[in-house]
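Me: Please take a close look at one part of this model, the beginning of the chain, and tell me how far the coordinates can be trusted.

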Amino acid sequence: EGLELSDEVATLIAHRADGGLRDSLSLLDQILAYSPKGELSTDEIAYILGILPLEAFDRIADRIIKRDPAGAVEELDRLLESGIDTGQVAEGLAEHFHSALMAAMDVLPDGLGGKAIEVYNRLAKSIAPEDLLRIAKLSTELQVKLKTASQPRFLFEEMLVYLCSFDRITDIKAALAGTTPVFTGEIQPVHPPYSETEREEKSEPEPKDTSDKGRFIAIFSNIRGESKADWLREAELIRDERRIVLKFPHRLEYQVNNILMRRENLDTLTKAAVDVFGEGTAVKLLVEDPPKTVAEDKSEEPPGQKIPENVQAILESFGAKLES
């Protein structure tokens with residue numbers, strides 16, 4: 001096809017297809033449908049394929065190692081507010097710690113990218129194998145419990161708090177001898193949730209948008225999260241009698257059709273519309289058509305012989321046109 005495929009993207013596709021060649025080709029077609037020139041980043045491709053990037057789970061693991069329950073819950077909340085469900089996060093986290101456990105036993109499967117091997121080996125050196133086994137087992141059990149939980153998010157948050165708090169395995173002989181245990185859990189986080197500068201910027205109050213659109217987005221944001229509200233800010237809000245139309249740029253087609261069109265998000269959009277614009281206000285979501293190519297523009301020219309340039313200049317000077 002004349003396109004370049006990075007090792008990281010190839011690994012994502014193979015992972016999502018579970019090693020199947022036919023499924024891999026189908027996923028590649030899906031990616032090219034969004035970006036015919038293959039210009040999507042690795043994170044964007046992971047999002048399209050429904051795969052969370054490795055860094056997302058690495059940040060949660062860092063918080064668990066540092067015994068930072070608030071930070072772990074914060075990382076989880078950032079993922080859930082971006083539209084990812086708890087089951088998907090739980091599955092990825094279980095796989096993350098299972099791979100670290102395999103790295104501790106030096107039996108990682110072939111085909112993993114260099115970055116993934118580095119992450120899993122580092123995690124294996126930061127936590128005792130016995131603790132890795134406990135965490136991996138709890139993460140796997142969580143997937144089953146989430147399917148029947150009435151409040152899956154609460155259950156996930158409670159599990160993260162527990163993982164950050166439970167007692168670690170201690171070598172009795174090393175403790176009696178007064179030597180320092182190998183696995184202290186005191187390593188610097190590789191992916192801190194925010195830098196100090198970002199925390200200061202985050203704490204500064206932003207100017208409040210008091211327009212109708214600003215109030216509409218604020219109500220939605222308070223219920224469904226800031227990340228989805230950012231998509232609304234890029235939409236054009238059009239009043240149409242007892243209805244508002246949100247017109248999104250074409251590049252947000254996936255987010256609109258697969259996330260904002262979910263029932264819970266549509267219900268929240270309707271509630272926000274009623275609160276701001278009055279009872280009975282409905283909401284409609286539209287996505288702009290993709291930009292036309294030069295070939296498409298030419299195909300829309302009216303049939304017939306092309307008007308000579310000198311004739312066209314005369315027509316334009318008089319504001320006239322030719323009729324058959």
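Reply: In H1, a helix in the sense of a DSSP run of H or I with at least four residues, numbered from the N terminus, the residues Val9, Leu12 and Ile13 are buried, where buried means under 20% relative accessible area, exposed over 50% and partly exposed in between, with a 1.4 Å probe and protein chains only. Seen down the axis of H1, its buried residues fall within an arc of 95°, so they line one face of the helix; the arc is that of the directions from the helix axis to the C-beta atoms. H1 is followed by Asp18, which has a positive phi, near 55°.

In the segment before helix H1 (7-16) lies Leu3, which is partly exposed at a relative accessible area of 37%. Leu3 and Leu32 are 29 residues apart in sequence, and their C-alpha atoms are 9.9 Å apart in space.

As to trust, this is a predicted model, in which local features need pLDDT of at least 70 and side-chain atom pairs count only at pLDDT 80 or more, while totals for chains, interfaces and linings use all residues. Residues are numbered from 1 along each chain as its sequence is written, and side-chain values use heavy atoms, with hydrogens and water left out. The mean pLDDT (the predictor's confidence in each residue, from 0 to 100) is 78 for the protein, and 76% of its residues reach 70 or more. Over residues 180-196 the pLDDT is below 50, although this stretch has 35 contacts in the model beyond near neighbours in sequence, a contact being heavy atoms within 4.5 Å. Where pLDDT is low, the predicted coordinates should not be read in detail.

Technical notes. Helix = DSSP H or I, 4+ residues; strand = E, 2+ residues; numbered from the N terminus.
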